[in-house]
Every structure is written in C-alpha cells, then in structure tokens.
Amino acid sequence: MTKSGFDIKKHFLVPKHTKVSEKEKSEVLEKYHISVYDLPLIVKNDPAIKELDVKPGDVVKILRKSPTAGEAVFYRCVINV
Amino acid sequence: MTDAIKEYEDKLPKSIIDSLRENIPASISQAKLKQILEQTVAEYNESKADPGECIGNISAESIGEPSTQMTLNTFHFAGVAEMNVTVGLPRIIEILDGRKELSTPSMEIYLNKPYSEGKDIKKLALSIKETTLDDISLGFEINIVDLSILIKLDRELMRNASFTVATVVNSLKAQTKGFNIKVDDDSMELKSRSKDINLNDLYKVKEKIKATHMKGVKGISHVLPVKRGDEYIIITAGSNLKDVLKLEFVEPERTKTNNIFEIASVLGIEAARQAVINEVYGVIESQGLNVDIRHIMLVADVMCNSGYVRGITRYGVVSEKSSVLARASFETPLKHIINAALVGEIDYLESVVENVMINQPVPIGTGLPSLVTKVKK
C-alpha cells in the first residue's frame, strides 16, 4: 500500500535548494552589507535541506520560480532548531 | 546576439531576459542591441522600489482595500463549492494569522495512471476516508447488570467497506486489554476479565473504542472524487499530507493541502511560503479582485522569515520586533511595557512606530539617510 520515501524535492511547491560555498557566501554578505544571521533563516532539520549536509551558520541558496521575475535567487541562513 | 544578452543576465531578472530574446529580431545591429539593453537596464532600475520605501504600508493598503469589498462578496460564494470550504475574507484572515487549526482543512489528491482516468475511483476514495468503529456500527450499549459492552455492527456498511467481523475484532484487541470479546452473528460483547470494574470506567472504555481507527488515513473525514479537466482527482475534508503522500496510487508531486503548517513540516519552509502565496492569491482571484502578487509575496516572506511559519499577530511576527514600544503599540501594551521594565530592555528607536511616539522623524524615505550614513562630527 505504501511506498518508501517520496522525494519531496519533486513536489511542485519545493524550489531548488543548494549549499553555498564559503567564497560565494562572503560575496553575498558583501553585496548586501550584512552579517550572516541577518539573512532570513531556515532551520537545520527543514525537510528540504535534509540531504544537503549543512551546519548552523551555512548559507543555503534557493532558486525560486517567481511569477514576476521568472526566477528569483534567495538566501537563507541555517540555524539550530 | 545571444552573447550580448548573456552579459546582462546578472543585471536583469530572467523573465525580462526571456522576453528580450523573444522579441528582438536576429538581424539587429550590435550597436542598436546594446542601446536597447542599456535602456532596459535603466528602466528596470528605475522601476525598483527605492531604499527607504515603506513597502509594508503599501502592501497593507493594497491588500486591505480590496478586502473590504470581499466581505460582501463572500455571501454569494459560500456553499456553492462541491464541499464547504472557507473562502473570502475569513480564509485570508485564517492564513495571515497563521492559525494551526483550520475551520475547513482540505486536500486535493492527484492520482497516478490508470486511476487518474477514473479506474476504481470510488473505491480508492473510500479507502482513504478514515473509518472508525462508530462508523460501521449501529449502536453501543452498556449492560449495567453484567457490566459488559454490547456493540451492534452494521452488516451492510461493513460489506461496503469490505470488513469482516474478524478484522474488526483484531483492530479492537489493542484498545481493549483486559477484556474478553465474544462474537455473535452481527454483534460483539466486551466483558471485563477483572471483577471490580465500575460503571464509570466502562463508560470511558465505550467512548474510547468508538473512535478506534479501523481503516483509511487518519484525519480524512470526507472524500469526494471529482473530474477536473480530463483527469479525476480526490478532494477531501480533513488533511493529512504526510500519510497521503505515502499512498501508492497518489501522485505526490501535485498533491496539496490548504494547511500551511502541514506543508511547512513535510515539505519545508520554502514550500510553505509558496503555499501562502498560492492560497491568498487564489482567494483574491476567486473573488474577482485585482491585487498585485508582489504584495502577497512580501507578506509571505515576512511570515516565513524566521524559518517557521509565523502569523501576523502579537504572538507571531510582531513578537519578533526588537523595539518594546513597537510591540506595545500593537496589542496588549501594558504586558509588553511591564515585561520590558522587568528585564531592563533597551529601545534603540530604529524603526517607525517608536519614532512616531516620541515625535521624531521616522527612518523611511527621506528620513532614512541620516541613519545610514555616518556623519563625522
């Protein structure tokens, strides 16, 4: 009756999440003149980043589909709980 | 030509790049193309919100004004839909308040082939619906003399849901430890093994076994197969995204629920943000109103900023404001001021409300630069 583990990345509501390298991270922070915890947050055990192997303080890049911009890049900072 | 446009991919959003690609003829000269692109970038930057623009206020008014029309319209739409689903202003309030208990939770379940073409659609729908013991029995009786519970089962209903007495007894066993179950033709008698059970306890047991989960997905109270376009889907009352996604005949990619919190816990915060936008925009659109989606995107971003879904209430996003005075100005001022006094909170007067209170220029628009630039004394 049940199938094991549907990959939630395929769900139409879930945009693509990728881990940001240290270099790109400092570029982003430089661009917006902020520190990492000023970014919007995402919790470490969020289902969408479970497989990304991230730790608190890392930055996750999200490629959203946007009705106005076509594609929009968004950054979130990983936090504990 | 494409190379020249590629250089501008960082400066313009994808949708503009795409429409440039589509609309510029291939025979254009390099100089003219460059001119067009420069002009586009200039126009684009011109149309961006300025730093210090009070976009929150603009969004609030842009959503608020059309909502006043909505209250009246709600009347016509209530009850017309296949199943009663909250629409209109009450639904918008429900979403933006971030309520965990919805008044009408609902799901749209898409199916894999061949079920999406209508194969066994009724049977599938019924198999999702949660069935409890109460649903398949005619009545529960307590025999006061024998101190036993008599359950009369409905043969007809049981046959429809393909139950046998044996399966019923099996699923009851876990719930009724310490009871002997005696099965008659279409009734069951539960008798306690221990002698000193009183009537009160027996009554509690009776109420408990009424809700025994027999079959289906927990929380789904009604199902309705409908045809949308040229495929069949199942609309439900009650929601349980996690368990429904695991079902074999469900197409999980498109299956959705109207419960934002369930989406946040199963699919993550970004999916929840998208769901907030879809739900709010869906309501506004169904009312025939015209609100720019950017305003709704802003609200959704604010609600999902902290990694959790927060409603626009004093327990939600307002509680995250750093300023005591701003929090106090929203709701329950005394509570906030007293608590702040107890722990010695400091208000840095960095935002709008607190500056209005003490009659200072607010840091929006032209009031902003004085706070941003460091002026040397």
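These legends go with a set of close-up views of a predicted model with chains A and B.

**View 1. Chain A on its own.**
Start with chain A, whose secondary structure comes to 1 helix and 4 strands. Follow the sequence along and you read the pattern β-α-β-β-β. The C-alpha trace of chain A spans about 50 × 30 × 20 Å along its principal axes. Strands S3 (59-66) and S4 (residues 70-79) of this chain turn up again in later views.

**View 2. Where chain B meets chain A.**
Here the two chains come together, with 38 residues of chain B in contact with 32 residues of chain A. The size of an interface is often given as the accessible area lost when the parts come together. For chains B and A, the buried area is about 2,700 Å², and carbon and sulfur atoms give 60% of that. Three residues are worth picking out on the chain B side: B:Glu253, B:Leu267 and B:Glu270 supply 22% of the area that chain B buries against chain A, more than any other three residues.

**View 3. The chain B side of the contact, element by element.**
Between chain B and chain A there are 12 residue pairs in polar contact, counting pairs with both residues at pLDDT 80 or more. Which elements give two or more residues to the side of chain B that touches chain A? They are helices H2 (14-23), H11 (260-267), H12 (269-286) and H13 (293-303) of chain B. H12(B) gives the largest share, with 7 residues. Sort that side of chain B by class and you get 17 nonpolar, 11 polar and 10 charged residues.

**View 4. A salt bridge from chain to chain.**
Side chains of opposite charge can pair when their charged atoms come close. In this view, the side chains of A:Arg76 and B:Glu270 meet in a salt bridge, at 2.8 Å from N to O. A:Arg76 lies in strand S4 (residues 70-79) of chain A and B:Glu270 in helix H12 of chain B, so the pair joins two chains. B:Glu270 is also one of the three residues singled out for the area that chain B buries against chain A. The count between chain B and chain A is 3 salt bridges, while over all chains the count comes to 26.

**View 5. The largest cavity.**
The model has 2 cavities of 30 Å³ or more, and this view goes to the largest, with a volume of about 50 Å³. Its lining includes B:Arg91, B:Glu94 and B:Ile95, along with B:Gly98, B:Arg99 and B:Leu102. Also in the lining are B:Asn258, B:Ile260, B:Phe261, B:Met303 and B:Val309. The elements that give two or more residues to this lining are helix H5 (88-96) and H11 of chain B. H5(B) gives the largest share, 3 residues. By class, the lining has 6 nonpolar, 2 polar and 3 charged residues.

**View 6. The second largest cavity, lined from both chains.**
This cavity has a volume of about 30 Å³. Which residues line the second largest cavity? From chain A there are A:Lys65, A:Ser66 and A:Pro67, and from chain B there are B:Arg273, B:Gln274, B:Ile277 and B:Met297. Two elements give two or more residues to the lining, strand S3 (59-66) of chain A together with H12 of chain B. H12(B) gives the most, with 3 residues. The lining divides into 3 nonpolar, 2 polar and 2 charged residues.

**View 7. Two backbone spots to check.**
In chain B, look at the peptide bond from B:Lys113 to B:Pro114, which is cis, with omega near 0°. B:Pro114 is found in the loop between strand S1 (106-110) and helix H6 (121-128) of chain B. Over in chain A, what is phi of A:Asp53? Phi of A:Asp53 is near 55°, a positive value in a residue other than glycine. A:Asp53 sits in a loop too, between strands S2 (41-43) and S3 of chain A.

Terms used: Residues numbered from 1 in each chain as written. Chains lettered and ligands numbered in written order. Predicted model: local features only at pLDDT ≥ 70, side-chain atom pairs only at ≥ 80, totals over all residues. Heavy atoms only, no water. Contact = heavy atoms within 4.5 Å. Buried area = accessible area lost by both parts, 1.4 Å probe. Salt bridge = Lys/Arg side-chain N within 4 Å of Asp/Glu carboxyl O. Polar contact = N/O pair within 3.5 Å; in protein donor to acceptor, adjacent residues only side chain to side chain. Nonpolar A, V, L, I, M, F, W, Y, C, P; charged D, E, K, R; others polar. 1 Å grid on protein atoms, 1.4 Å probe; cavity = no way out; pocket = protein on both sides within 12 Å on 5 of 7 lines; lining within 4 Å. Points joined across faces, edges and corners; volume = space filled by probe spheres on them.
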